[in-house]
Amino acid sequence: MLPSFYLSCCEMLRKWEKIVPSERSSELDVWPYLQTLTSDAISRTAFGSNYEEGRKIFELQTEQIELITQARNSFIIPGWRFYYFFLCEFLPFFNHNTIQDCSITYLYFTFRFLPTKANRRMKEIAKEVESSVLGIIRKRISAIEVGEASSDDLLGILLKSNFEEIHQYGSKHGMTLKEVIDECKLFYFAGQETTSSLLVWTMILLSRHMDWQVRAREEILQVFGKGKPDFDELNRLKIVTMIFHEVLRLYPPALMLTRMTHKAAKFENILLPAGVELLLPAISLHHDSKIWGDDAKEFNPERFNEGVLKATKDQFSYFPFGWGPRICIGQNFAMLEAKIALAMILQNYSFELSPSYAHAPYTVAILQPQHGAQLILHKL
């Protein structure tokens, strides 16, 4: 996958060269460029030569996420307070919280299916994404059926594995076409949003802590100079890895991890029956001074100098990629992509926060800068 990451980074840096003249400085909102970088990378690695078609899918999914978030945040029911008091008056055997929760849930799903402009657009996007992904999959299946070698992109690997499973165990054991489509859609969401979030918060924090930016650049230049990074060299970047761990601690892409108990479990004095949904607040545990010390809210990559286990004192308190059997399968993918991107940026630029930057982390599926990431880039 490294050549795909490299090509995507080169394309982004070529755009920056047009904006930031040689040996000059310019202000640039790096956030949209990092989003394009990671969407191109996931398009290339997921669909190979069809990455332009894949980019269209990503753009549609991005619009879909924004519409869903807007609908969630602007959910208003006219006359709700009168309806709520009516229920409380005539259903006294229920407590107020139960009535409110049940009624809001019922009405929310009712309003979700009203033919509003936003709801119609969401349905259009869902159909368009499914149609585009299905078209790519069918082309690839046709190529495999006529004997063409399968591609080594993610879709090729997935289809090859699925055909082998069906051939060995029968059709009931393979994935359906709908499941393959869903996996491809997940490639985009999980493989793009999280990595762009990691990169943007890294650049923002390194703009605030120039000493760590200098240390990271010195390590990169020492390991591979101005040359093209390779896999083994990227794995030798200890300082860069420490920085990424600290960024993921302070600004985890997903603020909450959800798990469900499949059997009864006991934690000290707490007994949890089967079927209980647990919400594990990564953002809270990652900022807990009892775990991380008095500087828990400060940027200090040095805490990861001896690795994650040492930094967490062997406690389950750091899980930016989840944990256990369901830990993110793309963790190495994301870290490798982030390393090559940051390395190539630091080879060519130094950067600092622009006076126009406004620090406002907010969540649209993942944690991102609400007003962009305006930096002053200096060409090296």
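Select Asp29 first: this residue stands opposite Gln374 in strand β9 (strands are DSSP runs of E with at least two residues, and helices are runs of H or I with at least four, numbered from the N terminus). The model is a predicted one, in which local features need pLDDT of at least 70 and side-chain atom pairs count only at pLDDT 80 or more, while totals for chains, interfaces and linings use all residues. Residues are numbered from 1 along each chain as its sequence is written, and side-chain values use heavy atoms, leaving out hydrogens and water.

Next, select β9, residues 374–379, together with β1; the two pair in the antiparallel sense over 5 bridges (pairing requires at least two DSSP bridges between the strands).

Add β6 to the selection. The result is an open sheet of 3 strands in the order β1-β9-β6, with antiparallel pairing. At its edges lie β1 (25–29) and β6 (349–353), each of which pairs on one side only. From one strand to the next, the twist averages 35°.

Now display helix α15, residues 331–348, which packs on the sheet and touches β6 and β9 (contact means heavy atoms within 4.5 Å). The direction of α15 makes about 95° with that of β6 (axes are lines fitted to C-alpha atoms, for helices over the stretch in contact, and angles run from 0 to 180 degrees between N-to-C directions).

Finally, move to helix α1, residues 2–19, and select Ser8 within it. Not counting residues up to four places away in sequence, Ser8 touches Leu37, Asp40, Ala41 and Arg44. The C-alpha atoms of Ser8 and Ala41 are separated by 5.7 Å, although the residues are 33 apart along the chain.
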